[in-house]
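Here is a short tour of a helical packing arrangement, written for reading alongside the structure viewer. Take a moment to load the view, and then follow the text from helix to helix.

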Amino acid sequence: MFTAVIITVAVVVVAAALFAGLGRGGGERGLKRRFGPEYDRAVTRHDGDTKAAERELGERVKRHGSLEEQPLPHEAREQYVAQWAGIQKQFVDSPQKAVTEADALLARLAKDRGFPDGEQFEEQAAAISVHHADHVEGYLRVHTVARGQGDTEEMREAMVEARGLFDALITEQPADSGRHRQQSPDDHRHTPWTRSRHHTKGSDTR
């Protein structure tokens, strides 16, 4: 009887150790899979210290992983689409004003979808990275250039990247029926980015 108890305890301890080991490996793979490029950026921010980067990302998941994105009323979606289209057109003549307005619009849109208030940018961006890791870099870039830290070409590139997050926040709706997806942000055929690039260069020489 006593021997059987000892054997059972030993088996439990070994199993727990193996599970813990697998959990650590699975956790790392899970973070890489979840955050994608953001995982590599976190490692870079921590000077190559993967453990520190994983702790940071793990904390983000703990804080924001249970966040449930809220649907937007159809009218609000239409308003955001129209506002974004206006910002894109404005970029041709006033790129700095356009990126500033794009930054503010994304903050409002994210808040309306249930993310932290844009007044706490770092926290909002962290939450977005948990749920839209592929697009958070565009938000970070447009937020940076909106504060005058970039030339016209950098602003254009930031706007292009930020468009990815805008599309995701507008079109990825909980229980989205798909009825209005074709009306989400103005069709790529009508985006003025190719024309904007040439026009912007011309405006720089005026």
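Which helices do the buried residues of α7 pack against? In this predicted model, they pack against α2 (37–45), α5, α6 and α8. The buried residues of α7 are Val-136, Gly-138, Tyr-139, Val-142, His-143 and Val-145.

Two helix pairs are worth setting side by side.

| Helix pair | Packing angle | Distance between axes |
|---|---|---|
| α6 and α7 | about 160° | 9 Å |
| α4 and α8 | about 170° | 12 Å |

With an angle of about 160° between them, α6 is roughly antiparallel to α7. On the α6 side, the residues that meet α7 are Phe-121, Gln-124, Ala-125, Ile-128 and Ser-129. Their partners in α7 are Val-136, Tyr-139, Leu-140 and His-143.

The angle of about 170° in the other pair makes α4 roughly antiparallel to α8. Here α4 brings Arg-77, Tyr-80, Val-81, Trp-84, Ile-87, Gln-88 and Phe-91 to the contact. From α8, the residues taking part include Met-155, Met-159, Ala-162, Phe-166 and Ile-170.

Now let us stay with α8 for a moment. This helix has 20 residues and spans 28 Å from its first C-alpha to its last, close to the 28 Å expected at 1.5 Å a residue. Because 15 of its 20 residues are buried, α8 is largely enclosed by the rest of the structure. At its N-terminal end, Asp-151 acts as a cap, with a side-chain oxygen 3.2 Å from the backbone nitrogen of Glu-153.

Several of these residues come together in the largest nonpolar core, which has 34 residues. The members that touch the most others are Trp-84, Val-99, Leu-106, Tyr-139, Val-142, Met-159 and Phe-166. At least two residues of this core come from each of α4 (74–91), α5 (95–112), α6 (121–131), α7 (136–145) and α8 (152–171). Another core lies apart from it and holds 9 residues, among them Leu-31, Ala-42, Val-43 and Ala-133.

One more residue deserves a look. Is Asp-103 buried or exposed? Asp-103 sits in helix α5 and is buried, because its relative accessible area is 8%, and the cut-off for buried is under 20%. Leaving aside residues up to four places away in sequence, Asp-103 touches Tyr-139, Val-142, His-143, Ala-146 and Arg-147. The C-alpha atoms of Asp-103 and Gly-138 are 10.0 Å apart, although 35 residues separate them along the chain.

Key. Residues are numbered from 1 along each chain as its sequence is written. This is a predicted model: local features need pLDDT of at least 70, side-chain atom pairs count only at pLDDT 80 or more; totals for chains, interfaces and linings use all residues. Side-chain values use heavy atoms; hydrogens and water are left out. A nonpolar core is a set of buried Ala, Val, Leu, Ile, Met, Phe, Trp, Tyr and Cys residues joined through side-chain atoms within 4.5 Å. Buried means under 20% relative accessible area, exposed over 50%, partly exposed in between (1.4 Å probe, protein chains only). Helices (H or I, at least four residues) and strands (E, at least two) are DSSP runs, numbered from the N terminus. The expected span of a helix is 1.5 Å times one less than its number of residues. A polar contact is a pair of N or O atoms within 3.5 Å; within protein, one must be able to donate a hydrogen and the other to accept it, and residues adjacent in sequence count only if both atoms are side-chain atoms. Axes are lines fitted to C-alpha atoms, for helices over the stretch in contact, and angles run from 0 to 180 degrees between N-to-C directions. Angles under 35 degrees count as roughly parallel, over 145 as roughly antiparallel, 65 to 115 as roughly perpendicular and the rest as oblique. Contact means heavy atoms within 4.5 Å.
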